[in-house]
Amino acid sequence: MKLSFGTDFESAWYQVTSSSRTITGTKVLEFVQDRWVQIKLISQDEKQRVFEYSLLDQDMEGSALIHEWAGDMEWLQSPIQVITDLEGKFIGINNFNHFITRWNNGYRVKIANKYQNHEGIHVMLSETEKLLQDPKRFLQSFMGYSHYRCFFQPFYRALEITEKYPLLLKGFFGPVDLPLIIHANNEQTGDWVKITNDAKIDDEKFDRKAFVRMMKDLTNTYDLKVDLQTEIEEIYLFKNNVLQSADLYLQLHVPSFYTVVNAHQCKRIEQSELPESNGKKASIFKNSMLMV
């Protein structure tokens, strides 16, 4: 079977719900975020495609200030022009300089005023500026286990019934990467293609010693057993080669003191289903590219 990118594709609208929960001992950080987005093809050639991803509306409910800040950063980065290869793999950002210009031309001042009475604002401002000055780190933030994974993967190729391939989530645990081995089952029924993935940790590439050190430092406990357990499931549905829905779930668990759960649910919607105040077309910015 083969997924082929449609030559008549212009744009599609999606509602995306992301949720995350991190439990460290008795401390819990969690958020739920709804987004309404538009994905539009703006150019392509014999080597790559450029899509414009526009955030049209969002609703963030988080347990910490950093979650509200993250939502504001998404507005800073919209619209974003994502570069993919012809199979759909994320390889770069086409308008990276625009984010820096917007930050320096008023966004930083406005967001500093918004959070001026919150402890830690200077640290968040400083870390954001460091990120904008570090293209490699900035790109990694789009290549982790985020909602962008629903859209920008090498889907458009010949698919075997069963497949096995590596996935590296760089910096997933801060200083420690998470290497995975994906096991995929692909099936086609008429115009529909269903991709079902599960995964396990790649023990040969996972730096378990560094992870154990991180856990000991995180908990201030040095006599503990670190047994990292994983549960990963992904389901993607395509109709006529266009993504209709995606469900992603990842849980990492160290019994008794550490759990991370990330989930993303995406569904295609009609333009009429967008929040009434939005749905406007965003302008296209042409700035320098940022490539993997």
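# Reasoning through the fold

Tutor: Start in strand β8, residues 192-201, where I195 is found. Keep in mind that this model is predicted.

Student: Does I195 count as buried or exposed, and why?

Tutor: Its relative accessibility is 6%. Buried means under 20%. I195 is under that cut-off, so I195 counts as buried.

Student: What does I195 touch, leaving out residues up to four places away in sequence?

Tutor: Contact means heavy atoms within 4.5 Å. By that test I195 touches L3, F155, L159, N185, N186, E234, I235, Y236 and F238, with residues up to four places away not counted. Take I235 from that list. I195 and I235 are 40 residues apart in sequence, but 5.7 Å apart in space, C-alpha to C-alpha.

Student: Now V16. Where is V16 found?

Tutor: V16 belongs to strand β1, which covers residues 11-24.

Student: Why does V16 count as buried or exposed?

Tutor: The relative accessibility of V16 is 0%. The cut-off for buried is under 20%. Therefore V16 counts as buried. Not counting residues up to four places away in sequence, V16 touches Q33, D34, R35, V37, H147, F151, Q265 and C266. V16 and Y148 are 132 residues apart in sequence, and their C-alpha atoms are 9.9 Å apart in space.

Student: F151 is on that list. What makes F151 stand out in the largest nonpolar core?

Tutor: That core has 75 residues. F151 is among the four that touch the most other members, with Y14, F173 and F211. Strand β10, residues 242-254, gives the most to this core: seven residues. F151 touches Y14, V16, V37, I39, L243 and C266, not counting residues up to four places away in sequence.

Student: Which residues does the second core include?

Tutor: W13, L56, I269 and L274 are included in this separate core of five residues. Membership of a nonpolar core needs buried residues joined through side-chain atoms within 4.5 Å.

Student: Let's turn to two helices. Why is α2 called roughly antiparallel to α3?

Tutor: Two packed helices are described by the angle between their axes and the distance between the axes. Helix α2 (residues 96-114) and helix α3 (residues 121-132) pack at about 170°, with axes 11 Å apart. Angles over 145 degrees count as roughly antiparallel. The angle is over the cut-off, so α2 is roughly antiparallel to α3.

Student: Which residues make the contact of α2 and α3?

Tutor: From α2 come F96, F99, I100, W103, R108, I111 and A112. From α3 come I121, L125, T128, E129 and L132. Of these, nine are nonpolar, one is polar and two are charged.

Student: What is notable about phi of N240 and N241?

Tutor: N240 has a positive phi of about 50° and is not a glycine. For N241, also not a glycine, phi is positive too, near 70°. N240 lies in the loop between β9 (229-239) and β10. N241 lies in the loop between β9 and β10 as well.

Student: Why do N240 and N241 count as partly exposed?

Tutor: N240 has 46% relative accessibility, and N241 has 25%. Partly exposed runs between the limits for buried, under 20%, and exposed, over 50%. Both values fall in between, so both residues are partly exposed.

Student: Is the peptide bond from S78 to P79 cis or trans, and what is its omega?

Tutor: Omega is near 0°, and the bond is cis. P79 lies in the loop between α1 (65-76) and β4 (80-85).

Student: What about F31 in strand β2?

Tutor: Strand β2 spans residues 27-44. F31 touches S18, S19, S20, M60, E61, G62 and H67, with residues up to four places away in sequence left out. F31 and S20 are 11 residues apart in sequence and 5.5 Å apart in space, C-alpha to C-alpha.

Student: Step back. How many helices and strands are there in the protein chain?

Tutor: The chain has five helices and 12 strands.

Student: Why is the protein chain called as compact as a globular protein of that length?

Tutor: Its radius of gyration is 20 Å. The globule rule gives 19 Å for 292 residues. The two values are close, so the chain is as compact as a globular protein of that length. Of the 292 residues, 47% count as buried.

Technical notes. Residues are numbered from 1 along each chain as its sequence is written. This is a predicted model: local features need pLDDT of at least 70, side-chain atom pairs count only at pLDDT 80 or more; totals for chains, interfaces and linings use all residues. Side-chain values use heavy atoms; hydrogens and water are left out. Axes are lines fitted to C-alpha atoms, for helices over the stretch in contact, and angles run from 0 to 180 degrees between N-to-C directions. Helices (H or I, at least four residues) and strands (E, at least two) are DSSP runs, numbered from the N terminus. Angles under 35 degrees count as roughly parallel, over 145 as roughly antiparallel, 65 to 115 as roughly perpendicular and the rest as oblique. Ala, Val, Leu, Ile, Met, Phe, Trp, Tyr, Cys and Pro count as nonpolar, Asp, Glu, Lys and Arg as charged, and the others, Gly among them, as polar. Buried means under 20% relative accessible area, exposed over 50%, partly exposed in between (1.4 Å probe, protein chains only). The radius of gyration is taken over C-alpha atoms; the globule rule is 2.2 Å times the number of residues to the power 0.38.
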